[in-house]
Structures are given as structure tokens and as C-alpha cells.
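Work through the exercises below with the sequence and the model side by side. Try each task on your own before you read its solution.

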Amino acid sequence: MGTVETPHTIRQVLTEGFRLIGRFIRARPASFGLAVTGALTFAAAIVASAVVVGNVADDLIIPILDGGEAVESRWVGAVLAVVGVAVWKAAGITLRRTAAGWLQFGTAADTRYRLIEHQMNLKLSWFGRQSTGDLLAISETDARQGTFILAPLPFGTGATLLLVGSIVIITALDWVLGLLALVALCGIAAIDVLGAWRTFEAFQAVQRSRGAVSSVAHESFDGALTIKALGREDFETDRLRRSSEALRDDLIVVGRIWSSFRSIVESLPSATTIVLLIVGSLRIGTGGLTPGNLVTVAYLLALLSIPIQLVGYVLWDLAHSLAAWRRVEQVLQATDLISHGEIRARHDQTGAAVAGSSVAFSYAPDELILAGLDIDIPAGRTVAVVGATGAGKSTLAMLLARLWDPTTGSIRLDGRDLRDFARSALPGEVSFVPQEAFLFDEDVTGNITLGLGVGDAEVRAACRLAAADGFIHELPNGYATRIGERGTTLSGGQRQRIALARALVRRPRLLILDDATSAVDPSIETSILRGLQRADLPSTVVVVAHRPSSIRLADEIVYLENGLVVGHGSHDELLATIPGYARLLTAYEEDAARRRAEEERP
């Protein structure tokens, strides 16, 4: 991932945080506006309720209790005023909470969409440097936590205005009480800012630890077969325990800082209220304040305890959200993007010609896998790519499908550079089937179509060509059978055949099989390859092959050594002219004979 400089000062944390809030608000101004309107409506209702209570005390309660005045019908107006303020307050709460929910959850969903969209545009080399579990944590936990500030933000905005309005009212009633209230609120705000800053880096450690726990858990679940087969359950459990305890320790640090600062902040409003009541009582004695005014002040202070805490929560959540958002930004700022052109896919019913010139590729600096490779595959031919382990066969197959780009040189399809195709256009002409077939937790038909608009007849025809139709009909619900995550209910050969059918149903002009039938019985593999040659497919077929029977079925052989094409011709031609090819085929045949003997041994 890209690196982001971590802010350390209070100013940097607040600047980054408010900039993040501004970005969220600009993305969804209507939701934020409605939420703040609801918060302001609620704040105004709070202020109005304090005024109403003070007036009721001065005009109704005190005259009745002290002066013995008759109640008569004056209570009706008081009740209507109290009920009206209550309805006013309820309307504000409903509007604020509904709009704030749309703001927060909508922004979190937008963030996940952005993350997925951006990652789908990144090169496979970027994914190779990441932890899948950590990426999952960023897409879920960090995306959610990064936008969590939006939950209290509208209420916090309204609460801030409520605090300002309350200070104005208290000051209007008595400037001494107003000054004391202002000093107290400024002190509380300063403590909250300091606490949020102190926890920022602690929150960052928490988010990193959450990613580590997710990463270990993902590996444990994904590698369950290996773990159980090797009896390493205790080791893996201990590994997850260590990462979980690290997360626990980080959360304890946050909790310790949080509780220390919050205990101070939450005690200050009560202390402030006591001081103001004492001072207010003295002010009544001097005639500078009426009992109703003091009731108004006391009622306001009682109502302000929650808004005061909420403003603090906004600051603390801002630090937590910023810590999570920086991990989201590390993904969004990744620059290993795949470049695309404007070429659209052709849908010709003919195979595609493939050519590569001076193709070099390396997974790491100074480690060339392919070095100046040249290749020319005529349209409509079946070509086997053969070579020893590490010769670059799979790398070439992935380059032909543009899952990687050459370090130097170019690969062309009917004279068109693969890098000039528009996004998602190349798969309209090229299908790639890897050795490790990935299947989704979906039924058979869904795994083959993957959303492609083809009918059942086309799906079944592709399955027959992939020699998959027979075993699919034997499944409990046939083509409607759910096959579990990664196709766990199927054998390796069955998964490979469904993956092959997935490619064939798209009728590609170039079909690339990277040892895609290695788990299939040799006789079935031979039947599949012969069927592909006879089928009415508009395909040039490139097969990375190891079995001699499969190699002999190809029209042409491309033989690789040390990242270079050292032979290109028929099987008999290469056998007679390329010693390395002859040795490799002999080794393949001896291995195949040994395997047959082992299978026939009683």
C-alpha cells in the first residue's frame, strides 16, 4: 500500500479530521443538511423548553405557591406550551436521526464501492504484496469506522449551536453566570481536544491490530485443510491468540486514556452547575437575578450535560475515524493502476492470431522470467506451450490474457496491442483458465455464467464440451446444485471442468489453458482436447501442457527454455531438432509410465 504521513500534533489531527468531514459532507450535502436541520430544530426546542419552564415558574408556579393566587385557566396555556415544545423536540429528533442514518450508512457504502472499484483497477502485482485478511478488514471495519464520525456529527453540530445559544441566554439573564459558563465550556472542550489527540495513535494501533487479526483468521479458515492435515490446530490457535491479545492490549490502552479523560469531562458539568447555582443564589439576594431566571439557568445546565458530552464524543470519534480512514486512503491512493485504451472486442467467428515481440517480464527486479521472447501463433491453431519447471510457461499464459503486462515488448491480438483494449473489453475475445479453478458459493449454472446473458442450452453445450455434463447431472439438483465456497463439494478435476465450461460458454477467439486439466484423468483430458479441436468454436487454443498425450494433439509446439522460445513447430520437428525438448518429453513419458504402473499394481 501507499504510505501516508501520520499527523502528530493537535493541529494536524484536527485539520486532517475536519478535512475528512468536509469531504464526506460534499459527497452527500442533502443528507447532512437535513440531519443538521433536525439537530437545530431539536436544539431550538431545548432552548425554548428552558424559556417555557422559566416563564411557567415565574408566571404560574411561584405566584401560586408564594402568593396563593388562584390557578383558574392559566394552567391551560402552560400545558399547551410544554406539549408544543415536546412535539417540536420529537420532530427534530426524528429528522436528525433519519437523515444522519442515511448520511453515515450511505457514505460507508460509497466508500466500499470506491474501494472495490479502485482495487479492480489495480495490477495483480499489487495484490501479491497485500494480505487478503487485511484488505477485508479495510473494506469492512475501517470503511465503517472511518465514517463513524458521521453518526454524532449532525447532533454535535446542533449541540454546538445549542451551547452557544445557551451561553447567550445565560449571559442575557446575568453576565456573571454567562462568563462562568463560558469558561467552563471552553475548559471542557480543551480537555476533549487533548484527549482525542492523545488517543489518535492508540486508535491507529487498534485498526492495525484489527487488520492483523482478520489476516490471521482468514489464513486459518482458508488453510483449514492444510492445518488439519498437518495436525497444526494448536499452533494456529496460538497464532490467532497472540494477535487477538495484541488487539486486546491496544484496546485497553485506548480505554485507559478514554476513561481518564472522560471521568474529568463528565464531572465538570455537575461541578459547573453547582458553582453557577451558588453564584446565582447570591445574585438573587442582590437583586440581579429572579428565581425564574435561575430556574431557567439550572434547567439549561441540566439539559446541556448530554450535548456537552456529545461534542466531546464528536472529537473522540473524529480521532478514531481519522485513524481508520488513513488505512482506507492507503488503498485508495495505490497507484499500480492498469492502463486501458479504447479498442472494443470483436465478435468474429474466427480464431485470433497472437504475436509477441521482444517480450520480457520479471516479478522482481533483476529476476527475468521471460527475456526478449518472440512468438507468433496463427489464427485457429491449437498450440501447446512446453518447457521445464521455471521456463516461463504460466507467465506467458498470463501475459497472453493480460493478467500481467510485459516489462518490455508487446503482445498483440490480430495486430492490436493488448494494452490498447478498453477496460473489460479483452475478456470478450480472450478466456483464461488457470490450473487452480476458483468457484463461487453459487449453483453450477451461476458459476458458469457469472452473470453472462446466455441460455441453458449454451451452458449445457459448454459443459458437454468440457466433459462436465455427466457428473453435473449426478449432483443432487443437477445444474441448480450449490457447490459451496470454492467448490468444496467437488473434486479437483470437476472444478477444473466447470472452470473450462465457464470459459467455453463465452466462445472466446483465444482460449488459454494454463495446465487447466491437470487434475482430470488423462483419458478425459485427451477427449476434451480432441473435442475442442473438432468443435465449432471460433478459437485459437493455447495449452500449457505436461502430458505427452496432450502435447501430441497440438497442431504446433512452442518450446521454452530460460524465458526464450527456442523451438516452434510440430511435435516431430522439435523432437528431431531440439535436444532439450526430446529430453523433456522422454522424462514426461517415463513419469507417465511409472504412474500407470502404480495405478495397475494390485
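The exercises that follow concern a predicted model, and each solution goes step by step.

**Exercise 1. Helix packing around α7**

Task: Find at what angle α1 and α7 pack, and decide whether the two helices are roughly parallel or roughly perpendicular to each other.

Solution. Begin by locating the two helices: α1 covers residues 10-27, and α7 covers residues 175-222. Next, take the geometry of the pair, whose axes are 10 Å apart and meet at an angle of about 90 degrees. Angles from 65 to 115 degrees count as roughly perpendicular, and α1 and α7 are therefore roughly perpendicular to each other. Finally, look at the side that each helix offers to the other: α1 contributes Ile10, Val13 and Leu14, while α7 contributes Val193, Leu194, Trp197 and Phe200.

Task: Do the same for α6 and α7, and state which residues of the two helices meet.

Solution. Helix α6 spans residues 153-173, and its axis lies 7 Å from that of α7, at an angle of about 155 degrees. Since angles over 145 degrees count as roughly antiparallel, α6 and α7 are therefore roughly antiparallel to each other. On the α6 side the residues in contact are Leu163, Ile167, Ile170 and Thr171, and on the α7 side they are Trp175, Leu177, Gly178, Ala181, Leu182 and Leu185.

**Exercise 2. A nonpolar patch**

Task: Determine whether Trp175 is buried or exposed, and name the residues that form a nonpolar patch with Trp175 on the surface.

Solution. The first step is to place the residue, and Trp175 belongs to helix α7. The second step is to compare its relative accessibility with the cut-off: exposed means over 50%, and because Trp175 has 58%, this residue counts as exposed. The third step is to find its partners in the patch, which are Leu179, Leu182 and Val183; the four residues together have about 430 Å² of accessible area. Notice that Trp175 and Leu182 also appear among the residues of α7 that meet α6.

**Exercise 3. Salt bridges at several ranges**

Task: The structure holds 26 salt bridges; for three of them, work out where the partners lie and how buried or exposed they are.

Solution. Start with Arg242 and Asp238, whose closest N and O atoms are 2.3 Å apart. Both residues sit in helix α9 (residues 233-285), and because they are four residues apart, they are separated by about one helical turn. Arg242 is partly exposed at 40% relative accessibility, and Asp238 is partly exposed at 25%.

Continue with Glu429 and Arg416, which form a salt bridge with an N to O distance of 2.8 Å. Arg416 is in strand β5 (416-417) and Glu429 is in the loop between β5 and β6 (430-433), so this pair ties together parts that are 13 residues apart in sequence. Both partners are buried, and both belong to a network of salt bridges that links Arg346, Asp414, Arg416, Glu429 and Arg509.

End with Arg482 and Asp441, whose salt bridge has an N to O distance of 3.8 Å. This pair links distant parts of the chain, since Arg482 is in the loop between α14 and α15 (492-504) and Asp441 is in the loop between β6 and α12 (444-449), 41 residues apart. Arg482 counts as exposed at 51% relative accessibility, whereas Asp441, at 43%, is partly exposed.

**Exercise 4. An enclosed helix and positive phi angles**

Task: Explain why α11 is described as largely enclosed by the rest of the structure.

Solution. Seven of the eight residues of α11 are buried, so this helix is largely enclosed. The buried residues are Lys393, Thr395, Leu396, Ala397, Met398, Leu399 and Leu400.

Task: State what phi Arg402 and Ala467 have, and where each residue lies.

Solution. Just after α11, Arg402 takes a positive phi of about 55 degrees, although this residue is not a glycine. Arg402 lies in the loop between α11 (393-400) and β4 (408-413), and it is buried, with a relative accessible area of 13%. Ala467, likewise a residue other than glycine, has a positive phi near 60 degrees. Its place is the loop between α13 (456-465) and α14 (469-473), and with a relative accessible area of 27%, Ala467 is partly exposed.

Definitions and conventions:
Residues numbered from 1 in each chain as written. Predicted model: local features only at pLDDT ≥ 70, side-chain atom pairs only at ≥ 80, totals over all residues. Heavy atoms only, no water. Patch = residues over 30% accessible without salt bridge, like charges linked within 9 Å, V, L, I, M, F, W, Y side chains within 5 Å. Areas by Shrake-Rupley, 256 points an atom, 1.4 Å probe, with all protein chains shown as cover. Salt bridge = Lys/Arg side-chain N within 4 Å of Asp/Glu carboxyl O. Buried < 20%, exposed > 50% of the residue type's maximum accessible area, 1.4 Å probe, protein only. Axes fitted to C-alpha atoms, helices over the stretch in contact; angles between N-to-C directions. Parallel < 35°, antiparallel > 145°, perpendicular 65-115°, else oblique. Contact = heavy atoms within 4.5 Å.
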